[in-house]
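Reader: I am new to this structure. How should I start reading its features?

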Amino acid sequence: MKGHILIMLANILFGASMPVFKYLLTADVPPEAITIMRAIFACMMFWLVSFFMPKEKVLPKDLCLLFVCALCGVGINQWLFVIGLKNSSPVNASIIATAVPIFVLLLAALVLKEPITAKKSLGVFLGVSGGLLLVFNSTQTTSGTNSLWGDMLMLLNQLMYSVYLVLSKPLSRRYSSVIMMKWMFLFSTLALAPFCLQYMQYVPMFHRETFNVSQLYALLYLLFGATFVSFMLIPMALKQIRPTTVSMYNYVQPIIASAIAVAVGQDTFSMQKLLSAALVFVGVYLVTQSKKRKDIENLDIA
């Protein structure tokens, strides 16, 4: 039960962050600046917290895996997400996020040589169809810009996140969430800094003449709630439940993101988007229910 509560909270924070991201992006905050600020802030926070925790020695081979997880789960993942969202919408992003369970189970099949059943194949087909329907037909955002490029980046972002969930499972068994995150965000900061740090000078709220307190509050939420807290909760949840179960909680994101985005006028929720979401939901349900309960309980990524 603890793992389910933790990952539920993480996805609520992620879902609420999508309209906040969009608000800052429409206020001319560069996506690269948001990405590097999240990485630097979380890196500082996790290293600070680690000083007050029992020391844990990280094996050199695990540092290499943490570096890959850092790129897939934090660095490249966050960069693709923010740039994709700038060219898409919160509703589109949240619907695309529900395809993560399909990606996770396909990766598990490749890694574990898990057989692909007819039911699972149908589920994958429906889920991919829903994603493609959204990507190739939702071509206009509320600002009138083409969203195809943004939606494609969001799909790639979710694939990277899925790789992170699969690869980080064994690490979550050996190390605390703080230890994992302090190394992941350190690696991500070092990798992103050469490309993103220069954009910090273009953040409007950092200049006296364009300072806006609501933008500052939005940024603080992204840094603390949607980055530091949420990324700490994910490995804590992975200690308790399987990556496939963790990925299922991405369902929470469309509910939260869509409700906020529509309420504040950032987006509309059309019948086409509803159909896309339904296809993805049904597809993921079929995929996750395609094996007997006994088989699912025995499926554990090591």
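Author: We will go from the overall fold to the cavities, then to a surface patch. Keep in mind that this is a predicted model.

Reader: Which secondary structure elements does the protein have?

Author: Start by counting helices and strands. Here there are 13 helices and zero strands. Read from the N terminus, every element in the run α-α-α-α-α-α-α-α-α-α-α-α-α is therefore a helix. As for burial, 55% of the 302 residues count as buried.

Reader: How many cavities of 30 Å³ or more does the structure hold?

Author: A cavity is a space where a probe fits but cannot get out. This structure holds two of 30 Å³ or more. The largest has a volume of about 230 Å³. Its lining has 17 residues, and F14, N77, F81, N157 and Q158 are the closest to its centre.

Reader: Which helices supply the lining of the largest cavity?

Author: Look for elements that give several residues. At least two residues each come from α1 (2-26), α3 (60-86) and α7 (148-174). The largest share is that of α1, with five residues.

Reader: How many residues of each class are in that lining?

Author: Sort the lining by class. The largest cavity has seven nonpolar, nine polar and one charged residues in its lining.

Reader: Now the surface. Which residues make the nonpolar patch?

Author: M1, I5, M8, L9 and I12 make a nonpolar surface patch of about 480 Å². Take L9, which lies in helix α1.

Reader: Why does L9 count as partly exposed?

Author: Partly exposed means between the cut-offs of 20% and 50%. L9 counts as partly exposed because its relative accessibility is 43%.

Terms used
Residues are numbered from 1 along each chain as its sequence is written. This is a predicted model: local features need pLDDT of at least 70, side-chain atom pairs count only at pLDDT 80 or more; totals for chains, interfaces and linings use all residues. Side-chain values use heavy atoms; hydrogens and water are left out. On a 1 Å grid over the protein atoms alone, a cavity is a set of points where a 1.4 Å probe fits but cannot get out, and a pocket is an open set with protein on both sides within 12 Å along at least five of seven lines; lining residues have an atom within 4 Å of a point. Grid points are joined across faces, edges and corners, and a volume is the space filled by probe spheres set on the points. Helices (H or I, at least four residues) and strands (E, at least two) are DSSP runs, numbered from the N terminus. Ala, Val, Leu, Ile, Met, Phe, Trp, Tyr, Cys and Pro count as nonpolar, Asp, Glu, Lys and Arg as charged, and the others, Gly among them, as polar. Patches are made of residues with over 30% relative accessible area and no salt bridge: like charges are joined within 9 Å, nonpolar side chains (Val, Leu, Ile, Met, Phe, Trp, Tyr) within 5 Å. Accessible areas come from the Shrake-Rupley method with a 1.4 Å probe; for residues, only the protein chains shown count as cover. A salt bridge is a side-chain nitrogen of Lys or Arg within 4 Å of a carboxyl oxygen of Asp or Glu. Buried means under 20% relative accessible area, exposed over 50%, partly exposed in between (1.4 Å probe, protein chains only).
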